[in-house]
Amino acid sequence: MQVDSESPNLGDAPEASWYAYGRTNMGQRYSPLAQITPQNVGQLEEVWQYRTGDMKGPEDIGETTYQATPLKIGDTLYLCTPHNWLVALDADLGTKRWVYDAKVAPESQRQHQTCRGVSYLPPASGEVPSAAMLGVAAETQASVQCDAMLYMPTSDARLIALDPATGARCAGFGENGELDLIHNMPFKQAGFYYSTSPPVVANGLVIVAGSVNDNYDKNSPSGVIRAYDAKTAELVWNWDSGNPEETAPIGPDEVYTPSSPNSWAIASADEYLGLIYFPMGNRTPDQLGWYRTEHDEKYASSVVALSLDTGQVAWVQQFVHHDLWDMDTPAQPSLIDLETDKGLQPALVIPTKQGDVYVLNRQTGEPIFAIDELPAPQGTVELDHAAPTQPISALTFRPPPMTEQQMWGATPLDQMWCRIQFKSLRYEGQYTPPSEQGTLVYPGNFGVFNWGGIAVDPKRQVMFGMPLYLGFIQQLVEKNGSDMDAANQGEQGLNSNEGAPYAVDMRPFLSPMGVPCQQPPWGYVAGVDLKTGEIAYKHKNGTIRDMTPLPLPIKMGVPGIGGPIITEGGLAFLAATVDDYLRAYDLSTGEQLWQARLPAGGQATPMTYLNSQGEQMVVQVAGGHGSVGTTIGDYVVAYKIKR
């Protein structure tokens with residue numbers, strides 16, 4: 001694929017660094033480094049390995065996961081662990097510089113125990129933190145006046161600001177470096193609200209969204225998005241999708257809208273346009289739509305652009321109408337200046353769980369690739385309704401409808417069981433409403449794409465992603481007026497929806513042997529020419545080595561969760577799959593060129609940078625994923641070209 005733009009907009013990170021979750025606030029996951037190429041990537045070898053010491057414990061929930069992508073600032077890497085330790089490592093050697101432990105206690109009512117990353121405010125002085133600046137030890141929990149700052153969200157709903165050089169708390173931020181994000185919440189159940197994704201630092205603000213537990217309680221915390229002064233933590237604006245017009249800071253005795261649609265995935269920002277872009281989730285309960293307000297119906301399962309100055313809505317584009325399937329918009333929008341038949345446009349590229357990739361003008365929200373509406377299946381429980389149509393993008397990875405002939409199993413009995421199950425479920429194609437009978441949801445709410453998202457190359461004008469295909473079962477369970485014991489939340493996929501007449505049972509469509517009921521491939525890598533919207537290639541990805549008792553490296557195309565990166569050298573790097581490998585691909589063809597066995601599951605997005613000798617490094621966090629079932633660990637692994 002030829003280079004189209006010699007001077008693309010890559011954001012504001014230095015070439016050798018990785019300043020934000022997607023490298024910059026543009027969320028491209030693209031690095032301009034080109035030392036590692038398709039010709040020499042076979043010489044990559046492991047050069048160091050670090051173990052954080054933060055392991056899943058006996059009191060932890062099942063969804064305890066390592067999903068972190070490190071930052072590289074100056075000569076230091078920064079990453080967070082599932083229990084919110086912020087770790088600073090020497091970027092050359094992988095040795096510990098300091099560790100800050102946020103002291104997060106176990107909580108059985110959390111749905112997720114993870115931290116995808118931290119955020120960075122550059123120093124006003126322009127002096128990047130370095131090893132020479134080390135002073136106060138992080139273990140002392142002391143506080144200092146900070147120039148540069150790191151921000152870490154915690155699973156007990158705090159935002160902590162730390163000094164990058166020492167790991168000490170920043171004294172001027174909130175209360176001794178901490179901000180309690182439960183403030184002004186209408187309901188404050190322990191474990192129901194927290195941030196799993198790093199905040200956005202832009203325009204002198206630190207902007208925080210949060211995750212609200214799905215299907216635990218009809219009356220839950222708000223999905224409000226809040227912008228605080230990056231130095232002081234003073235509230236500057238708040239955007240509550242349940243009350244979207246009023247963005248001035250809320251009063252001390254006021255509360256935000258209960259259960260309003262939230263944004264749990266990573267956001268992006270364009271400071272030149274003065275806009276920040278949030279992928280929006282659904283209102284809880286996900287499968288019960290009769291509680292929703294006009295505002296909920298407008299902003300749920302969408303991407304919304306807000307003014308960085310005021311928090312006011314600039315535009316919104318919805319991807320699912322009256323979402324009854326937990327089809328949250330799961331991934332960070334990727335911002336790229338795109339060559340189109342109308343000239344160069346500021347574009348936003350965002351993938352969805354249902355398989356569509358939307359390409360919008362990020363200034364106006366207008367589609368660059370056409371959006372159509374298709375008729376959708378009808379028929380819900382008595383109190384509800386289904387939207388008559390659902391949107392579809394001209395660029396889509398949606399699969400064709402599932403059929404009985406696709407039922408598959410490791411044995412003939414396995415296959416027979418799957419066929420019986422398929423015939424017993426309600427299924428009229430995509431968007432079949434949930435039912436008491438049990439509905440087959442395909443693609444399932446694990447997504448064709450999830451929080452790992454995509455990577456875009458602003459020079460080659462291409463996209464690389466990992467579409468996957470798994471069916472899910474969603475069944476409404478009538479409660480006959482009684483709520484379930486809170487201890488049963490999440491057990492075997494059953495969520496109680498306290499205060500509502502139905503609980504919901506959600507689980508993957510698997511055979512008795514625990515493999516997907518539909519025939520493989522279940523996972524792919526894919527490339528797209530973003531100038532035309534054409535899918536350039538789609539190859540099955542990953543082996544069943546870690547899905548079977550015997551280590552069989554059969555390339556069948558397996559599921560995964562995590563994201564890719566692209567480099568100027570013409571490569572894409574991706575781990576993510578349920579076999580424990582990091583892989584490199586030729587960006588132009590999708591051909592796998594290299595792989596390295598990881599010591600644990602690689603359900604995190606890699607990153608790349610230059611060390612002090614000017615050598616390109618690739619780093620992958622490998623700690624596994626509790627609910628996906630990959631190998632649990634606590635590793636950070638670095639690679640470079642063999643000398």
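A residue counts as buried when its relative accessible area is under 20%, as exposed when that area is over 50%, and as partly exposed in between, using a 1.4 Å probe and protein chains only. Aspartate 326, with a relative accessible area of 4%, is therefore buried.

The model is predicted, so local features need a pLDDT of at least 70 and side-chain atom pairs count only at pLDDT 80 or more, while totals for chains, interfaces and linings use all residues. Residues are numbered from 1 along each chain as its sequence is written, and side-chain values use heavy atoms, with hydrogens and water left out.

Starting with the whole protein, there are 2 helices and 42 strands. Its radius of gyration is 23 Å, close to the 26 Å that the globule rule gives for 643 residues, so the protein is as compact as a globular protein of that length. (That radius is taken over C-alpha atoms, and the globule rule is 2.2 Å times the number of residues to the power 0.38; helices, H or I with at least four residues, and strands, E with at least two, are DSSP runs numbered from the N terminus.) The C-alpha trace spans about 65 × 60 × 55 Å along its principal axes. Of the 643 residues, 64% are buried. Contacts (heavy atoms within 4.5 Å) tell a story about sequence distance too: among those between residues at least 6 apart in sequence, 64% join residues at least 24 apart. The accessible surface, from the Shrake-Rupley method with a 1.4 Å probe and, for residues, only the protein chains shown as cover, comes to about 21,800 Å², and carbon and sulfur atoms account for 50% of that surface.

Next come the charged pairs. The structure holds 22 salt bridges, each being a side-chain nitrogen of Lys or Arg within 4 Å of a carboxyl oxygen of Asp or Glu. In one of them, the side chains of arginine 283 and aspartate 296 meet at 2.8 Å, N to O. Arginine 283 sits in the loop between strand 20 (275-279) and helix 1 (294-299) and aspartate 296 in helix 1, so this pair ties together parts that are 13 residues apart in sequence. Both ends are tucked away: arginine 283 is buried at 11% relative accessibility, and aspartate 296 is buried at 1%.

Aspartate 326 turns up again here, as the salt-bridge partner of lysine 353, with the closest N and O atoms 3.9 Å apart. Lysine 353 belongs to the loop between strand 24 and strand 25 and aspartate 326 to the loop between strand 22 (313-318) and strand 23 (334-340), so the two tie together parts that are 27 residues apart in sequence. Lysine 353 is buried as well, at 3% relative accessibility.

A third pair joins glutamate 404 and arginine 419, whose closest N and O atoms are 3.3 Å apart. Glutamate 404 lies in the loop between strand 27 (389-393) and helix 2, and arginine 419 in helix 2, so parts that are 15 residues apart in sequence are tied together. Here the partners are partly exposed, glutamate 404 at 22% and arginine 419 at 27%. Elsewhere, Asp75, Asp90 and Arg97 form one network through salt bridges that share partners.

Helix 2 (residues 412-424) also holds methionine 416, which is partly exposed at 49% relative accessibility. Together with Leu413 and Ile420, Met416 makes a nonpolar surface patch of about 340 Å². (Patches are made of residues with over 30% relative accessible area and no salt bridge; like charges are joined within 9 Å, and nonpolar side chains, meaning Val, Leu, Ile, Met, Phe, Trp and Tyr, within 5 Å.)

Some buried residues round off the picture. Glutamine 354, in the loop between strand 24 (343-351) and strand 25 (357-361), is buried at 1% relative accessibility. A polar atom of the glutamine 354 side chain lies 3.1 Å from the backbone oxygen of phenylalanine 319. Leaving aside neighbours within four places in sequence, the contacts of glutamine 354 include Phe319, Val320, Met327 and Arg398.

Serine 268 is in strand 19 (residues 268-270) and is buried, at 0% relative accessibility. The serine 268 side chain reaches the backbone oxygen of proline 333 at 2.4 Å. Its C-alpha atom is 9.4 Å from that of glutamine 28, although serine 268 and glutamine 28 are 240 residues apart along the chain.

Definitions and conventions:
A polar contact is a pair of N or O atoms within 3.5 Å; within protein, one must be able to donate a hydrogen and the other to accept it, and residues adjacent in sequence count only if both atoms are side-chain atoms.
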